[in-house]
Amino acid sequence: MFRILVSDAISEEGLAPLRKSEQIEIVQKKVTEVEEQLHEFDALLVRSATKVTEELLSKMPNLKIIGRAGVGVDNIDVEAATKRGIVVINAPNGNTISAAEHTFAMMAALVRHIPQAHVSVKSREWNRSAFVGTELQGKHLGIIGFGRIGSEVAKRARAFGMTVHVYDPFLTKERAEKLGVSIHTLDEVLACSDIITVHTPLTKETKGLLGEKNLAKTKKGVYLINCARGGIIDEQALIPFLQSGHVAGVALDVFEQEPPGDHPLFAFDNVIVTPHLGASTIEAQLNVATQVAEEILHFLEGKPVTSSINLPTLSKDVYEKIQAFYNLAKKMGTIASQYMNIPVQELSVTYAGTVADLETTYITRSLLAGFLRPRVASTVNEVNAAMIAKERGITYGEKFSDETYGYANCISLTVHGENRTFTIKGSHIPNYGDRIVHFDGFTIDFAPDGHLLYIQHQDRPGMIGKVGNVLGEHQVNIATMQVGREQAGGKAIMMLSLDKPIDDALLQKLAEIEDIETVKRLEVS
Ligand SMILES: NC(=O)C1=CN([C@@H]2O[C@H](COP(=O)(O)OP(=O)(O)OC[C@H]3O[C@@H](n4cnc5c(N)ncnc54)[C@H](O)[C@@H]3O)[C@@H](O)[C@H]2O)C=CC1
Ligand SMILES: O=C(O)C(=O)COP(=O)(O)O
C-alpha cells in the first residue's frame with residue numbers, strides 16, 4: 001500500500017485518479033493531526049500552508065515523494081528532501097493564468113481604489129471625489145521576474161495599452177521581443193515604472209529585492225504589487241515610503257508571515273490586501289491537483305516525473321529512449337563500486353554511439369546512484385546521488401566519443417582510486433540485453449545481472465575445472481561463465497554467474513587455488 005498524506009486543501013476532483021488506484025490510501029489531515037503516523041507515509045501532498053521542514057522530514061523516514069500542488073516550493077526544504085533521496089515535484093503551470101489575472105485585478109483595484117470605495121459605500125457614504133484614480137492606459141509597467149506569470153501579466157498589460165519594462169537576468173532578447181516587452185536593468189525598471197509588479201520565486205537573491213535602497217530608486221508616486229512571495233518586497237522598508245507618499249499604494253497577496261496577523265501595513269488605507277488568493281480559483285486548483293496526481297501515479301509506476309525540482313526533468317518519450325541505458329549504467333556503477341572497494345576520487349563516464357545523443361545527465365545520475373549504493377548506508381538514488389558524491393569528495397564527469405568498439409552504443413566508466421584505475425565498458429543490445437564488453441583491461445562479454453563471481457588468474461590448463469569443482473562441492477551451481485585473457489599463458493579472467501550468492505569462507509577457498517590471483521563477489525540486484 002502506498003500511503004499519501006494530503007495536508008493542505010487540494011481539489012478533490014483533481015485527486016480522483018489517485019483514489020481509483022487500489023494500491024493507494026489517501027489520508028487528508030494536517031501534519032499535527034497525524035503526528036503518530038507520520039512514519040507510515042510514502043508521499044506528502046501540500047500547498048503553501050504546510051511547512052515541510054527538515055524536522056518534519058526526519059519524522060517521515062518512508063517518504064519518497066513530495067508533491068506541491070502549485071508553483072512555489074519555498075515552504076519545502078528541498079535540500080533536506082534531496083539529501084534524503086525524496087523527489088520533490090510541483091505543478092508549474094496549472095495556476096499561471098489565475099495568478100496573472102489576480103495580479104491584474106489587484107492592479108486595477110489599486111489604481112482605482114476599489115477596495116476602499118467598496119468599504120465606503122457599504123458604510124453608507126457616497127464620496128466620489130475621495131476615490132479619483134488613474135488610468136492604466138499609457139502607464140509604464142515594470143515587471144521583475146519574467147517567467148510564466150510575469151509574461152502573462154505582460155500580455156494583459158499590453159492589451160490595456162501599457163508599456164512594459166522587464167527585469168529578469170535569465171530572459172533572452174528573442175523572448176522579450178516576441179512578447180513585445182523591453183529588457184532593462186533593475187535600476188532602469190525601478191526608475192521608469194509607474195507600477196511595479198514582482199514575479200520571481202523567493203530565493204536568497206530575491207528576498208528583500210525591493211528593500212530600502214531599491215525603493216528609493218523608484219519614481220515618486222509609484223504603485224507596487226506583490227502577488228509572488230512575501231518578502232520579495234520588504235514589508236518593514238515600505239512603511240517610511242508610504243508615510244512620505246513616495247509610494248502611492250501597495251497591493252499584497254502574499255506576506256512574509258502567513259497569516260500576517262495584526263500587520264503594521266494594515267494601518268495604511270492605500271495598502272490593499274488579499275489572503276494569498278492568486279491560485280485560488282476552481283480552474284487553477286483542478287489543474288494543479290490533476291498535475292500532481294498524475295505525477296504521483298507516474299512515480300508509482302516507475303515512470304519519469306516531468307516536473308521534478310530535484311531531478312533532471314524528462315518527458316515520457318525521452319525516458320523510454322534512455323531507460324535501457326539508465327538500467328545498464330546503474331548496474332555498471334554497482335559492479336565498479338564493489339570491484340574497486342577502496343576510496344575513490346573520480347568517476348569519468350564516456351558515452352559513444354546512439355546513447356551519446358540522449359539525455360545523459362540522467363543516465364550518469366543513475367550510474368552514480370548505482371556506484372554509491374554499495375558504499376552508503378542511507379537511501380541513495382538519482383535524487384541525492386550528486387549531493388552524496390560531493391559530500392564524499394567524489395567528482396564525476398561526462399565525455400562523449402565516437403569509439404563504440406563495434407557496438408551501436410557504448411558506455412565506459414573509469415574509476416580513479418588511490419594508486420589504481422579501473423575501466424568497465426557496457427553496451428545495451430536491443431532484444432538481447434545489457435552486456436559488459438570490457439572489464440579492467442580484458443575484452444569479455446557477460447550480462448551484468450545477479451550473483452557474479454570474478455576471478456583473475458594465470459592462464460593455465462585446468463583452471464575452469466578447479467573452480468567448478470570447488471563450487472560444485474559447495475552446491476553452488478554455475479549459470480554462465482565467460483572468460484577473457486591478455487595472451488595465451490598470461491593473465492586471464494573468468495566471470496561466472498551463480499545461482500546463489502557465496503559466502504566469505506567459499507570466497508577464501510577459491511582464492512587459495514593455485515594460480516588464482518583475485519576473487520571478487522559482485523552482486524547486482
Ligand atoms: N500568489 C499566488 O497564489 C501565486 C504565487 N506564485 C508565485 O509566483 C512566482 C512566479 O511564478 P512563475 O512565473 O510560475 O515562475 P517562473 O519560474 O516561471 O518565473 C520566475 C521568473 O523569475 C526570474 N527570476 C529568478 N530570479 C530572479 C531575480 N533575482 N531577479 C529577477 N528575476 C528573477 C526567473 O528567471 C523566471 O523567469 C513564484 O514565486 C510563485 O511562487 C505562483 C502562483 C500563485
Ligand atoms: O503556487 C504558488 O506558488 C502559490 O503561491 C499558490 O499557493 P497556494 O497553493 O494557493 O497555497
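**Exercise 1.** Find which residues surround ligand 2, and state how they divide by class.

*Solution.* Step 1: Arg-47, Ser-48, Arg-68, Ala-69, Gly-70, Val-71, Gly-72, Asn-95, Arg-229, His-276 and Ala-279 surround ligand 2, where near means having a heavy atom within 4 Å. Step 2: this shell has three nonpolar, five polar and three charged residues. Here Ala, Val, Leu, Ile, Met, Phe, Trp, Tyr, Cys and Pro count as nonpolar, Asp, Glu, Lys and Arg as charged, and the others, Gly among them, as polar.

The model is predicted: local features need pLDDT of at least 70, side-chain atom pairs need 80 or more, and totals for chains, interfaces and linings use all residues. Residues are numbered from 1 along each chain as its sequence is written, chains are lettered from A and ligands numbered from 1 in the order written, and side-chain values use heavy atoms, without hydrogens and water.

**Exercise 2.** List polar contacts of ligand 2 (pairs of N or O atoms within 3.5 Å), and state how much of its area is buried.

*Solution.* Step 1: an N or O atom in the side chain of Ser-48 is 2.4 Å from an oxygen atom of ligand 2. Step 2: for a polar side-chain atom of Arg-68 the distance to a ligand oxygen is 2.8 Å. Step 3: Val-71 brings a backbone N or O atom to 2.6 Å from an oxygen atom of the ligand. Step 4: the protein buries 89% of the 310 Å² that ligand 2 exposes alone (Shrake-Rupley method, 1.4 Å probe).

**Exercise 3.** Find a polar contact between Asp-253 and ligand 1.

*Solution.* A polar side-chain atom of Asp-253 lies 2.9 Å from a nitrogen atom of ligand 1.

Conventions:
Polar contact = N/O pair within 3.5 Å; in protein donor to acceptor, adjacent residues only side chain to side chain.
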